Amino acid sequence: MSLTNLINLSSLGIGERGFITGIHAPDSMRQRLQSMGLRTGREAEVIRSPRLGPMQIRVGSVHLIMRRCDAARVTISAER
Amino acid sequence: MKRFAIVGMPNTGKSTFFNRITGSSSRVGNWPGVTIDLLSARIVLGSEAVEVIDLPGIYDLHGFSEDEQIVRNFLENNPVDLIGVLLNASQLDHQLPLALQICKLGIQPVVLINMIDEADQLGIRIDAGALADDLQCPVHLLSARHGTGFNEVRETLTRSVSEARPRPLDDMRNCLHADDEIVQHSDELISRCVSAPSKLVRKVTERIDRVLLHPWLGLPLFFAVMFLVFQVVYTLGGPLQDAVAFILESFKNTALLPLESVLPPALYGFLVKGLYDGIGTVASFVPVIILFFFMMAIVEDSGYLARAAFLTDSLMARMGLDGRGFVMILMGFGCNVPALMGTRVMRSRGLRWLTMLVVPFSLCSARLQVFVFITTALFSPRQAPVVLFFMYLTSFAAAFLTAVIFGNRLRSDEPFVLELPPYRAPLLKQVLMRGWHEIHHFLRRASTFIISGVVLVWLLTHYPVGSTPGGAGTWASMLGEGLKPVLDPIGISAAMSVVLLFGFVAKEIVIGAMVAMTGLQGSALNGYLGSQMDTIQAISFMLFVLLYTPCLSTLATQLSESRSWKFTGISLTWSLSLAWAVSFAFYQGARALGY
């Protein structure tokens, strides 16, 4: 996988998808995000991304709202 | 007695299942090793008496959140015979790892796949038999909402519970390393036992969200919903509170007043003016708490609370709060007590405590009564609304300042991630149960504190023997004299400082206290107020009343919800200091400017 197609979740636009490649956060925060469904290899899609306010993300069957600063910790790649 | 614990993620219908299996006999209670109240109920399964416990919703048995710690502590300190894992049928890909973690505990598990009706509609098919073979425990498909599959669940529970034995647990953290395997195992099981359409679309929910989460329409609609909720709680609550007050007053007049000639004065005063009025104070909160939680249950169970968080987060994030806190602060403008209890939806302690520090600055309806009275007495009809508006502004400013100052200290490092569940119609039974449990909780936890406080203030304002009640010579007025150096600089006279003491019990009795102290009513009381203070003193007095402390019941609720004397002490100290500083700045500033 080349570095150029490694981006983070907060930079995706509405309707864009990507596969989660990692979560760059302290242990407790990573564990939390993982347990809410943000696991490596899963596909994430941005449903809403208002200019002000958090994003709505779909991972598998789950819809989550998360702040952009937290979404920025989740790296995404176009391919699995 | 056997013990059956229910675990599951938030939004899996755990409470609905709990209510269905237990009927309505549940109660809240303390458990060893656990710092929050848990709901439990005793039922009979076959020939066994079984205690069913509803544990808080968790995402991960090995996680670091407070609720996850609570569930672990509970399981370690209270041996369980049988553990039911509730899963949401349409989110098995997401939820099955939790079931696998629990199956590895060594406690006899029963896997309950709930909301099968929703999954059916989405076209999801689940092979429960194959899952049961792999997990080596009973697996049931059910709908707790509609009762589908419930007879089979009950049969299985009856059979399992009679065979089950409690097992002591080792430190669960030790199993952390197994989690990667669990996720792999879960994915493999899902691909084998669950068939779902390649793209799950939540049609109805998405259609509603297009309106309710609209970039421009969302916030106005949110405020409209909040306005509606507020109106229902407080316009309906007001007359109910009056009715409760009327009943209590009638009982007092017919049954208690005749005792005055029979009982010794001290005992009569203690019983009627201390104890009975204390009970009256507690009782006056009952209608609004019940109504508030009826409405909150609807807002929460429908899925709208998570939307409210989404809509207001950008505003609140800057204050270190989240959108759910915003809902509670708004509701606090009716009454602080239920708003404080409502913060329980926030599961991180830092966030919750910060919200509980901020809520008491919401200008509640009781304070509004006092302000309306004083402004009508001392200001012209044109000035009065301006003064009131100024009080509301101060209330917002104090809330904002508090959040900014304490935000850093109470900041939680938990990420702000919330699930956005699909919209669901709230169940009437759930809504009613919620109101019932909350009022039970309030009465059990806060009533003793409130009643003792009312009795204490009665003692201070009526003793020592021979003093005029509320007047010169009482301990209260001595206290007022003693506080002179503190209250003089903010323009509050000694007589008014006794009123502040009454105001501490409840703002509703401030006016009554003035009537009792002076023996004056109506325009005569207005005249007396005018002789006690000029307009600058009046504003300073109102600023102090707005900020110094909401009331004894709010304080009692802060204590019962935080379970921390330190937190309650800090909150009280902060609001007293802030009140004094603001009044001082205003009073001295206005005087310096020559007003």
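**A tour of the interface between chain A and chain B**

In this predicted model, begin by selecting β5(A) together with strand β10 of chain B, residues 417-419; these two strands pair in the antiparallel sense over 3 bridges. Within this pairing, select A:Met66 and find B:Val417 of β10(B), which stands opposite A:Met66.

Next, select every residue that takes part in the contact. Chain A supplies 30 residues and chain B supplies 41 residues. Between chain A and chain B, the buried area is about 3,000 Å², and carbon and sulfur atoms give 58% of this area. On the side of chain A, now highlight A:Arg32, A:Ile65 and A:Arg67: these residues lose the most area to chain B, and together they account for 23% of what that side buries.

Keep A:Arg32 selected and add B:Glu68. The two residues form a salt bridge, in which the closest N and O atoms are 3.6 Å apart. The count of salt bridges between chain A and chain B is 4. Polar contacts may be displayed as well: 12 residue pairs, both members at pLDDT 80 or more, are found in polar contact across the interface of chain A and chain B.

Which elements of chain A give two or more residues to the side that touches chain B? They are α1 (27-35), β3 (43-48), β4 (55-59) and β5 (62-66). Select α1(A) next, as this helix gives the most to that side of chain A, with 7 residues.

Finally, colour the side of chain A that touches chain B by residue class. The view will contain 12 nonpolar, 9 polar and 9 charged residues.

Terms used. Residues are numbered from 1 along each chain as its sequence is written. Chains are lettered from A and ligands numbered from 1 in the order in which they are written. This is a predicted model: local features need pLDDT of at least 70, side-chain atom pairs count only at pLDDT 80 or more; totals for chains, interfaces and linings use all residues. Side-chain values use heavy atoms; hydrogens and water are left out. Contact means heavy atoms within 4.5 Å. Buried area is the accessible area (1.4 Å probe) that two parts lose on being put together, summed over both. A salt bridge is a side-chain nitrogen of Lys or Arg within 4 Å of a carboxyl oxygen of Asp or Glu. A polar contact is a pair of N or O atoms within 3.5 Å; within protein, one must be able to donate a hydrogen and the other to accept it, and residues adjacent in sequence count only if both atoms are side-chain atoms. Helices (H or I, at least four residues) and strands (E, at least two) are DSSP runs, numbered from the N terminus. Ala, Val, Leu, Ile, Met, Phe, Trp, Tyr, Cys and Pro count as nonpolar, Asp, Glu, Lys and Arg as charged, and the others, Gly among them, as polar. Two strands pair if DSSP finds at least two bridges between them.
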